[in-house]
Structures are given as structure tokens and as C-alpha cells.
Amino acid sequence: MEFYRSHVLVCGGTGCTSSGSQTLIDEFEKCLKEANLDKEVKVVRTGCFGLCALGPIVIVYPEGAFYSMVKKEDVKEIVDEHLIKGRIVKRLLYHDTVEAGTDNVKSLNQVDFYKKQMRIALRNCGVIDPENIEEYIAMDGYTALAKVLTEMTPEQVIDELKRSGLRGRGGGGFPTGLKWEFAKNAPGDKKYVACNADEGDPGAFMDRSILEGDPHSVIEAMAIAGYTIGADQGYIYIRAEYPIAVKRLRIAIEQAREYGLLGKNIFGTGFNFDLDIRLGAGAFVCGEETALITSIEGHRGEPRPRPPFPAVKGLFGKPTLLNNVETYANITTIINRGADWFASIGTEKSKGTKVFALGGKITNTGLVEIPMGTTLREIVEEIGGGIPNGKKFKAAQTGGPSGGCIPAELIDVPIDYDSLTSIGSMMGSGGLIIMDEDNCMVDIAKFFLEFTVDESCGKCTPCRIGTKRLYELLEKITEGKGTLEDIDRIEKLCLSIKQGSLCGLGQTAPNPVLSTLRYFKDEYIAHVVDKKCPAGVCKALSNYEIIPEKCRGCGICAKNCPVGAISGQVKNPYHIDTEKCIKCGVCMTKCPFKAIVK
Amino acid sequence: MKSISELQKIREKVLSEVNLRQDRQDGIRIVVGMATCGIAAGARPVMQEFISEISKRNLLNVKVIQTGCIGMCRLEPIVEVYVPGQEKVTYVKMTPDKVARIVSEHIVNGKVVDEYTVGAQS
Ligand SMILES: Cc1cc2nc3c(=O)[nH]c(=O)nc-3n(C[C@H](O)[C@H](O)[C@H](O)COP(=O)(O)O)c2cc1C
Ligand code: SF4
């Protein structure tokens, strides 16, 4: 085999692909060929490195030089300087990897963004070429399946998972070992294994990144699950909106079949297992387990009452084990390194790590994996690099439209299942949206509710009509027409929706409203009583005003107002007619003296 | 895949390659000076020889790294060998035919090839 002295890893995750990483790969290949280095230096397209805000990202090994925001024009310089002459191109390095005041390059695990992370589910993302099964095998891939098939009984696998303390990463947090045991013990001649890759939470991309960066980790775990519960067929349900993930998954399944790691008589043990992909159309409700199963069967994705749980009566009426992508991605490491090792990470009741898609008002937007028990403060201030533009942290939303917010005074809360639930938020599947002082909490609640109103499947009334009415009440408040009674009404309606809805979508839909009401009631009251939006977001409530002391009477505002709401005389303070004003805010951006306030 | 040994074979074959991407500081590093002075003096064939020796012997814990000018241009090509826990050894006026000996004696067996070092030449 050829030996390459250097590897150029280019991120091929969705983020970096959309910022042009494919062009970089082409350019690297071209420049390397021109320099006659194509036999010495290998270009590898990997999955996500996590630091999406700075993409496209290129890492050059063996030095581990981490180049960020690389442009096509930079490629030649990296080839000429770094790969031919061994001189790292400092100006392109991610600034945090260069020691302050010196020229020393830090290793990646000393950089703030990575220092407190621990990569189990994401262990191969950004390290291997996801379209090459041999690279996965080199990273101990398929050894867990071999071990399970040749050395372990199904009972032993279940025992190992139970002792590891692994809980479902799809949102519910149900103990995985127990779920596997239910599926194994359910009577039935035919059983199925399924993987939930629907990922409907707006802004979340954890599962997508795992499938794009390391699809075999999920395939191998599903085969282990098949052996454990006694199934020979599995389905991966993934939304069609994830084309890169679907493509890599297809390639990975094809390669696994070629190598005999899927199919008949795996490792000569007589165990058969195969996988198929089912594409979803991107409805949030199809992430709910019973709706997902109905959708795989080819029907309209609507939930049905439970019990019976899928472990007893799932796909085609047969016992079915359904787990989330990230849950599966943890399995092989648990088998390889042992339950005790896994259980030593995290907190008493939440073991291991959790992947979060960090977004919103945060410097390092991207993908992070942290040990359970890491505090929100560590995520925001250290890993996330703080809030941009010197603004103040206001709250974080976990669990997306089903979750709740964590206010600034609780920033030291450890991230684990039980701590988050106890403060009215939830772990969720991994969306983590950071908000600063410019976010209005009523508006945030309204945003998430708008999403659930859209996504409600309409099967049951409390959810279909309840969320709509709730949305209207919030709209009324943000328009300055709300009353204190409306706030009471909101609270009552939230409870009825929670209690009356059939599935998790409806049952959790009021959470963003309830938690913002719990921690930011004063903001609701400001909207209702003072008719003011403290963050200045709700247009109907923001009045633009000119401070006479600051106004020099230049008249620029009046010239720019599209509706002619500003009048006055040059060199004298101007005035805004609030009746005419449409609150577009143009005057404020144009005023050279910052004399206009909201 | 009919057996675990087949899996092991693939694993060993590819490991040396992906190993390069581990952010590890514990292996042996062979650093070749590849600034203009080094390249002009013939550092490139020296480096290529190291690469082919190492891959032939499938040495997983060794990395070949390039660096800029080491600062003794008249002694180029210069190669520095870092073995963890030991002082660095600097080989000077390297040629491709010196490489095999350094790899077998120093890298594999831990015995420095004194006559090629900077101490013997300056
Ligand atoms: C409305 C709704 C949407 C859901 N969306 C997802 C999803 O996108 N991905 C997921 O893994 N689980 C989702 N779940 C949770 C699943 O129903 C199920 O609990 C989970 O896939 C089980 O896997 P786990 O035990 O490995 O977490 C959703 C649940 C509800 C109620
Ligand atoms: S709660 Fe909403 S999403 Fe769930 S079944 Fe009822 S209407 Fe459909």
C-alpha cells in the first residue's frame, strides 16, 4: 500500500460543503498534481469538524494545522508553503490555535473549543473518509460486531448496555438497555430494528452530522441490535432533505454488503442482517415513534395511542426496536471499551456524552459533544466562545419546540437529563439555541409555537386547535392588545393542551410558552400592561422617538422615512408622528448622531 | 466477511495510514528541513526515502514531518529525529543512501548513527 506522508482533511459536512469545500478539494488535487505531490499527499473529504462558523475548514496532518475560512485562492499557498516547504501558513490558521504573543501552534485539544469536549458519538467525524469502509475498520470499526457475534449472548449485550447507563438521545431519555430487553423478550417470530434519523427540531444537525461523517457507526450498532433482539432486517428513516447524509448512508450500506458485514452469515456465525433506507418528507411529527413506524409502512405519518409500544407491536405489527442515530453511535464504543468505562463519564443518572448543535447568538456556532454534567456556562463561555458583539447572555433554549428556556441566573446548571427537567427545560435531542438581550422571550415562544401549529398533524383537537388558539393569544400580546386575563388564559390553555393531546408533539408544544412565562413573566407583563417590548423586537410595540437634546436638525431622517412621518425644521429638533410611523427603523439606522431611540 | 482475521487484516493495512491523523505527541518524529536551502541541497529525495523505508517496515508510531529552515544551511539536508523522552538527534548532509541505516539502527533499534550526526561533521 502507498504511504502518504501528509493528509489534507477537508470538511465535507453540510455546513462546509455549502461554503464551498468541494471547490477546495478540486483545487488541492489540481495543485498537488502540478507540484508532483499527489503520490505523497492525500486529500480526504471527512465529516463535520464541529466549528461550522469558521468553515470551510482544512486540517493538514501530521502537523495538525487547523486552517479556517479557507478560500480557493489560499489553496496554492498551502501547497507551496506548507506541503512543499514545511512552513505552516500562519495567516490562515484558526486564531485560537496560535498561542497568544508567540508563533507556537497549539494542538487542537488545547484549543478552547475542543478542550472541554469529549468525542464518543462523533469520534470519527472529521477524522475518517465516510465513503471508505476501510478507514472505519482501521478505527476499530466492526470489531464490536465481531465481538458480540462470537463472544457474547444477547443477554450479555443487554446487561452491558444496562450497566453503561446509556439513555436514549432522541429526546425521551429512556434507558437503552431496558428498551432492548423489552424488544428481545417480546414474543414474535419476526422482529425489526429501526433508526430514527428524522431530526425535525429546527436548527438541529447532530444526527445529520453523524450520518454524514461516520455512517458505519450506526450501521454496525444496528446489526448488533439485530443480533440482540433477534431481527434480521433494519430500517433507517431519514428525511429526504438530507441529501449528503442519504448518499453516504447508501454508499456505506453498499460497502458493508460488499465486505460481508451486512447480508447473510456475517463472520461465518450464521447471523443474517440487512438494512434499508426509508425517506421521510420532513414532517416533524414523523419523528414521533408511532408516526414514524406508520410512515415506514407507507401510510400517512400520524401517531397512534400507546400502549402497545413499538417494542411489542411496531413495524407491520411486529416487535420493533427504535433508537435515535446518536444513541446507536454510542453502542460500539460501549461494547469495545466496556460499560464501566462509559459509566465513569457523566453524572450519576446521566452517563456518557451528549452532542449539541450550538446556534443563535454565540461566537462558535457548530457541533459540540460534551460529557454530561458540563455546565451551560462552560458551553457558552468557553466552548462557545461567548456572545458576539459584547452583548449579554439572556437565555438558552434546549429541546427546540418541545423544550424550554434556561435563564441567565441558572447558567451554572449542569447539562444532564434530570437537572434540565427539574428547571422546566429538557435535554431534548440536542438543539441548543443561545439568546442575548436583543431577543424578546414572548417572540421566541411565539416562534416555536408557530412551528408546532404548522407541524401538528391535526389528528386530535387539543393540539390542532389548542396550539392555534394559543398562538393567537401570543400574537395578541406581541401586538400590544393583550390583557392580564390573557396571560391567565394562556396558562390554562397550556395545561389543557398538555393533558389532552395524543402524542408528544402536542403534549410538549406548550413548553416554550410555559417556561418563558415562568422565568420571564415580567416581559409578558411589560407587553400587556406597559405596552412595551423591553427587547425592542415586537414591532407593534416599539415607538421610535427623537431625543431633542441629541438631534442636530440635519434632516437626514426625514429624507429617508418612506412614509413621511418625520417633520421639522433644519437646525431644530425633528419629530416623529407615531400615527404615521410604520416602525421600519430606517431613521434610526440613518441618524448620524444616534439621536433616535426605540 | 467470513472471519475476524479478515477484519484484522484490513485494519492493520489501513491503520498506518489513518494513524497519521491522531493528534498524538507520543510517537517518533522525523523532521526534515525543507526550506529553499534544504530543497536545493537535495532534501526532497531524502524525505521520500524516509517515507518509503517507513512504509516498507510498516512503522506505525513514526511520522515524517517537514519544517522550514533549521538554521545551518551549509549542512543541509538536515534531518532531526525526536524520540519521546530522549534528546533530539540532528543528522546533517543527508543523502538517500544514509536513510536505511538510520531507520534500522536508530528508529527501530534505538542506536544513534553517530557518524552522521552534527557532532561528527562540524
Ligand atoms: C413530535 C416528536 C418528534 C420527535 N422527533 C424525533 C427525532 O427527530 N429524532 C429522534 O430520534 N427522536 C424523535 N422523537 C422521539 C422518538 O419518538 C423516540 O422516542 C426516539 O426516537 C427513541 O429513540 P431513543 O430511545 O434512542 O432516544 C420525537 C418525538 C416526538 C413526540
Ligand atoms: S398531538 Fe398533535 S401531532 Fe400529535 S397526534 Fe395529536 S394532532 Fe397529531
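Reader: I'm new to this predicted model. Which element gives the most to the shell around ligand 1?

Author: Good place to start. Strand S9 (320–324) and helix H20 (504–508) of chain A each supply at least two residues of that shell. The top giver, with three residues, is S9(A).

Reader: How many residues surround ligand 1, and which class counts the most polar, nonpolar or charged ones there?

Author: The shell has 18 residues, with Gly170(A), Lys179(A), Asn323(A), Asn324(A) and Thr327(A) the closest. Split by class, three are nonpolar and six are charged, which leaves the polar group at nine.

Reader: What does the side chain of Lys179(A) do with ligand 1, and how far apart are the atoms?

Author: Lys179(A) is one of the closest residues to the ligand. One of its polar side-chain atoms faces an oxygen atom of ligand 1 at a distance of 2.8 Å.

Reader: And which residues bring backbone atoms to oxygen atoms of ligand 1?

Author: A polar backbone atom of Glu199(A) is 2.9 Å from a ligand oxygen. For the other, a backbone N or O atom lies 3.0 Å from an oxygen of ligand 1, and that residue is Glu289(A).

Reader: How much of ligand 1 does the protein cover?

Author: On its own, ligand 1 has 610 Å² of accessible area. It sits in the largest pocket. The share covered by protein is 88%.

Reader: Away from the ligand, what volume does the second largest cavity have, and what lines it?

Author: There are six cavities of 30 Å³ or more. The second largest has 14 lining residues, among them Cys561(A) and Ile582(A), and by class twelve are nonpolar, one polar and one charged. Its space comes to about 90 Å³.

Methods:
Residues numbered from 1 in each chain as written. Chains lettered and ligands numbered in written order. Predicted model: local features only at pLDDT ≥ 70, side-chain atom pairs only at ≥ 80, totals over all residues. Heavy atoms only, no water. Near = heavy atom within 4 Å. Polar contact = N/O pair within 3.5 Å; in protein donor to acceptor, adjacent residues only side chain to side chain. Areas by Shrake-Rupley, 256 points an atom, 1.4 Å probe, with all protein chains shown as cover. 1 Å grid on protein atoms, 1.4 Å probe; cavity = no way out; pocket = protein on both sides within 12 Å on 5 of 7 lines; lining within 4 Å. Sits in = over half its atoms within 2 Å of the grid points. Helix = DSSP H or I, 4+ residues; strand = E, 2+ residues; numbered from the N terminus. Nonpolar A, V, L, I, M, F, W, Y, C, P; charged D, E, K, R; others polar. Points joined across faces, edges and corners; volume = space filled by probe spheres on them.
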